[in-house]
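Please look over the structure shown below before reading on. The briefing after it takes up two topics in turn, the contact between chains and the placing of aromatic rings.

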Amino acid sequence: MPPGSTARAAASVALDGEAREKTEDAPARSRRSAIGARHLDVIGISKSYKRLKVVDELNFRVAEGELVSLLGPSGCGKTTLLRLIAGLTEPDTGTVVIGGADVTHRPAHRRNVSVVFQNYALFPHLNVRDNVAFGLRARRVDRQKIRPMVDEALSLVRMSELADRSVAALSGGQQQRVAVARALVVEPNLLLLDEPFSALDRKLREAMQVELKSLLRQRGITAIFVTHDQEEALAVSNRIAVMNAGRIEQFAAPGEIYAAPASAFVLDFVGLSTRLNGTVLSVERQTAVVETRFGQLVAQPKAQIEPGTRVVLGVRPELMQRAPESIDRTATNSLTTRVADVMLLGSKTHVHGAAEGDDRVLCELSGPVETIELGAELELSWPVADTLIYEVAA
Amino acid sequence: MSVVSTRYEAPRAPWLDRFVLLAAPGLMYLALVFALPLALLLLKSFQNQDGAFSLAAYAEFFGDPYNLTVLWRTLRVALLTTLLALIIAYPTAFALARAQGLAQSLLLAAMILPLSVGVVVKAFAWSILFRSNGVLNDTLKWLGLIEKPIRMLFTETALIIGAANVFLPFMVLPIYAVIRQLDRSLPEAAASLGASPMFRFFRVTLPLTLPGVIAGSAFTFSLAISMYVIPSLIVGERQQTLSMLIARSYLFLRDDQLGSSISAILLAIAVAVVLGSSWLAGRVAGGRR
């Protein structure tokens, strides 16, 4: 018997049960089979608490087998969005569609969406095995099938030896594995994870990220992952939705989010950057000249921009370098700054330039560089094509 | 020769832990006004009038079928009082724990304030309500539900209803304390795992609030089994309880030995309930099934 076959059998039982309770017309059924049961559509969803719009008219789609991160600062609405998808909170407006079926008004226990909570929410009165078996018992899976399914789920997260332990006796990492096993054993259509690694120390966190990612890929599970840690989002997900104040600022693959942030917020929130405020002096053939505290710099805005507009310029630190003797001024920007700080980070060195206001100058050089002195004048250069430009909202 | 050790060394006499000293005033007080008189009382229950060892009082108590009826009634009333209080208290404790702001303050006040009204006052108030020409009977007659007044006062039912009312806070507060500590993500996790509201309640919420239920029940049962004023005012001499038997032995029969032995029996039951419930609570909270 191939591994996972028992779990899959149970999942088909669960799906049968779902189909029985909601008889659908033929087109709806075919639409669903075309889309796949593990597909998520969120359409125009909003939620307010006491007049504060926590989630504001959001639309997005997650394809089957995708691992999507909801990334944003605390209070941006990411956890509320997760709860709306799970059915733990009712939306004010909008629709949640899972596998082609509208589940907006379906209670959480009938959505087949598992949640791994930030604090893991393991049942303290049950041991490891009974925690994992909980969802199967709730679904009235045949007693004889439960044990092998639980054993398989526990071996998947390498917790077989501790099956009979009390959950209170587990370390943070072990508790997290149990929470994941408990969520996966019921073969959910969607797996939602609310900051699952935030309580773990850095080393363990990285190990668990690698482990979880390969586990989800291997099982083809659609997962949505809430985090405020941009490194984690970049490392783990297929796509990232960067959220701010209840809205999605950008929804794209990690590489694109990093290389081409859609807004100044995304530039600031994801990855490190040099960030300079300025005013557009002139625009000619998609080339804007911008006056900054460090002199005139050039950028190539994607959208129409008017002279006089206040803008933010951004550059990723690794794209900057110490300016060579001769520079091609038409294709290269440069600025001169005083070295405020040098941080040796092993494989790379961060050089911070002195800057005023919320300007920021950061250059990343590869390797440990010890020849740069504090307070010295340093000229940095980078390609015009790599200069990001954003309009500052009035 | 000395060996350097970084291990924590336990104090040589653990009972001399400084914090234990904080309990000293309380312990001394209890020893003087509770343990000592109780020990004397227990001693007396095993002595006859000449001071010699004797089980005569116990034999006399258990030999009289009337006493056994009273014992059984006392246990039954205490049990039913506890049960009624629990049924009312559990949802109340939830409301109290989940309410916010003003609503919670009002609920708490409604819970605590009746404690400040003496039992005697309450009992007389009930008699206005329950007696044959009382408010309740008059209302039922007026509604046409009954023709002749029902006897409510001087019944066990009235006693249980009244006692449950008096002891309700002692049931609500321990349950409330446990519910407040209940991690709200636990029922949510259960829901996301496919558990219906019923399944969530019986498999998650109830087991996790059971320590509160046990503590509240132990409180209420201990109070109900030894209550004296409430039964004397509501049911009177007609249906006696153990406490009334004790009072009668001391005050009317002047039989110290009988009174002491009934007291000892009552004490034994109360101690068994307290120890049993704390053992049970320990097991439930132990985390393993």
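A salt bridge is a side-chain nitrogen of Lys or Arg that lies within 4 Å of a carboxyl oxygen of Asp or Glu. In this predicted model, the side chains of A:Arg83 and B:Glu188 meet that description, with 2.6 Å from N to O. The points below set this salt bridge in its interface and then turn to the rings.

**Where chain B meets chain A**

- Across the interface of chain B and chain A, the rule finds one salt bridge, and the residues that form it are A:Arg83 and B:Glu188.
- The same rule-based search of this interface, now for polar contacts, finds seven residue pairs, with both residues of each pair at pLDDT 80 or more.
- On the side of chain B that touches chain A, the elements that give two or more residues are α9 (185-192) and α10 (197-225) of chain B.
- Counted by residues, the contact involves 22 residues of chain B and 27 residues of chain A.
- Counted by area, chain B and chain A bury about 2,100 Å² between them, and 62% of this area is on carbon and sulfur atoms.

**Aromatic pairs in chain B**

- A pair of aromatic rings is described by the distance of the centres and the angle of the planes.
- Over all chains, a search of the whole structure finds 11 aromatic pairs.
- One of these pairs joins B:Phe46 and B:Phe53, whose ring centres are 6.1 Å apart and whose planes are at 15°, an arrangement that counts as stacked.
- Within this stacked pair, B:Phe46 is partly exposed, with a relative accessible area of 29%, whereas B:Phe53 has 64% and counts as exposed because the cut-off for that word is over 50%.
- The planes of B:Phe201 and B:Phe202 stand at 80° to each other, with 5.1 Å between the ring centres, so this pair is edge-to-face.
- Both residues of the edge-to-face pair are partly exposed, B:Phe201 at 28% relative accessibility and B:Phe202 at 46%.
- B:Phe201 and B:Phe202 also belong to one aromatic cluster, which they form together with B:Tyr90 and B:Phe94.

**Charges over rings in chain A**

- In chain A, the residue A:Arg182 lies over the face of A:Phe123, at 4.7 Å from the centre of the ring.
- The charged end of A:Arg239 likewise sits over a ring, that of A:Phe251, and here the distance from the ring centre is 4.1 Å.

Terms used: Residues numbered from 1 in each chain as written. Chains lettered and ligands numbered in written order. Predicted model: local features only at pLDDT ≥ 70, side-chain atom pairs only at ≥ 80, totals over all residues. Heavy atoms only, no water. Phe/Tyr/Trp six-rings, centres within 6.5 Å; stacked < 30°, edge-to-face > 60°. Buried < 20%, exposed > 50% of the residue type's maximum accessible area, 1.4 Å probe, protein only. Lys NZ or Arg CZ within 6 Å of the ring centre and 35° of its normal. Contact = heavy atoms within 4.5 Å. Buried area = accessible area lost by both parts, 1.4 Å probe. Polar contact = N/O pair within 3.5 Å; in protein donor to acceptor, adjacent residues only side chain to side chain. Helix = DSSP H or I, 4+ residues; strand = E, 2+ residues; numbered from the N terminus.
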